[in-house]
Amino acid sequence: MVEAGMETSRRVVPRTPPATVAHAPAPGRGEPPLPDGACDLVTVPTRQGLEAVDILRRGAGDAVGPVLHDDDCNTLGFVVPPGTAAAWDVPGSTCTETNGRGLRLNPEPPVEGSDWLLPPGEADLATDPAVLRAALGEAARIIEAADNCR
């Protein structure tokens, strides 16, 4: 799901991402709209991503923004505010910095071989990185518990 010209960031040093503070949602509202379609993309394995989508959709308000899936059903991509990639540190995921290039929020999938799970318009706000981080952690714990019950 990474397009040519995009930079990726894989960090494992835990810290609070500046994007979380800079893009804190207003009370009673979801994440602010993305300026000029600029965004970053957090990519996770499909199983964890689908579980996280369920967790986010059960939450209050507009907790989940647009979500992409690849046609091979290997990964999901969560649209997050620009700047998130600089401090993204969730193991098992990658945050791609687009700098407004290559990924545009319109009804057509931005990358060949992908489709929208939650398209812009139905979910036209970015997912808050702190909320996504918590949902991905909860999803990983749920998956681990389910796998250990076999």
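**Exercise 1. Classify Arg133 by its exposure, then find its salt-bridge partner and describe what the pair links.**

*Solution.* Let's start with the side chain itself, keeping in mind that this is a predicted model.

Step 1. Arg133 has a relative accessible area of 22%. Buried would require under 20%, and exposed over 50%, so Arg133 counts as partly exposed.

Step 2. The partner is Asp89, and the closest N and O atoms of this salt bridge are 2.2 Å apart.

Step 3. Now place both ends: Asp89 sits in the loop between β4 and β5 (94-97), while Arg133 belongs to helix α3. With their positions 44 residues apart, the pair links distant parts of the chain.

Step 4. Apply the cut-off to the acid too: at a relative accessible area of 8%, Asp89 is buried.

**Exercise 2. Search the whole structure for salt bridges and work out what the one formed by Asp147 ties together.**

*Solution.* Here the count comes before the details.

Step 1. The search of the whole structure gives two salt bridges.

Step 2. One of them joins Asp147 to Arg47, with 2.8 Å between the closest N and O atoms. Asp147 is in helix α3 and Arg47 in helix α2, so this pair ties together parts 100 residues apart in sequence.

Step 3. Both ends can be classified as before. Asp147 is partly exposed at 33% relative accessible area, and Arg47 is partly exposed at 43%.

**Exercise 3. Check the span of α2 against its expected value and list its buried residues.**

*Solution.* Stay with the helix that holds Arg47, which covers residues 46-58.

Step 1. The 13 residues of α2 reach 18 Å from first C-alpha to last. That is close to the 18 Å expected at 1.5 Å a residue.

Step 2. The buried residues in α2 are Thr46, Gln48, Gly49, Ala52, Val53, Ile55 and Leu56.

Step 3. Their cover includes strands β2 (40-45), β3, β4 and β6 (114-118), along with helix α3 (129-148).

**Exercise 4. Describe the backbone and surroundings of Cys73, and give its distance from Arg47.**

*Solution.* One more residue deserves a look.

Step 1. Phi of Cys73 is near 60 degrees, a positive value in a residue other than glycine.

Step 2. Cys73 is found in the loop between β3 (67-70) and β4 (75-80), and its relative accessible area of 55% makes it exposed.

Step 3. From C-alpha to C-alpha, Arg47 and Cys73 are 9.3 Å apart in space, with a sequence separation of 26 residues.

Key: Residues are numbered from 1 along each chain as its sequence is written. This is a predicted model: local features need pLDDT of at least 70, side-chain atom pairs count only at pLDDT 80 or more; totals for chains, interfaces and linings use all residues. Side-chain values use heavy atoms; hydrogens and water are left out. Helices (H or I, at least four residues) and strands (E, at least two) are DSSP runs, numbered from the N terminus. Buried means under 20% relative accessible area, exposed over 50%, partly exposed in between (1.4 Å probe, protein chains only). The expected span of a helix is 1.5 Å times one less than its number of residues. Contact means heavy atoms within 4.5 Å. A salt bridge is a side-chain nitrogen of Lys or Arg within 4 Å of a carboxyl oxygen of Asp or Glu.
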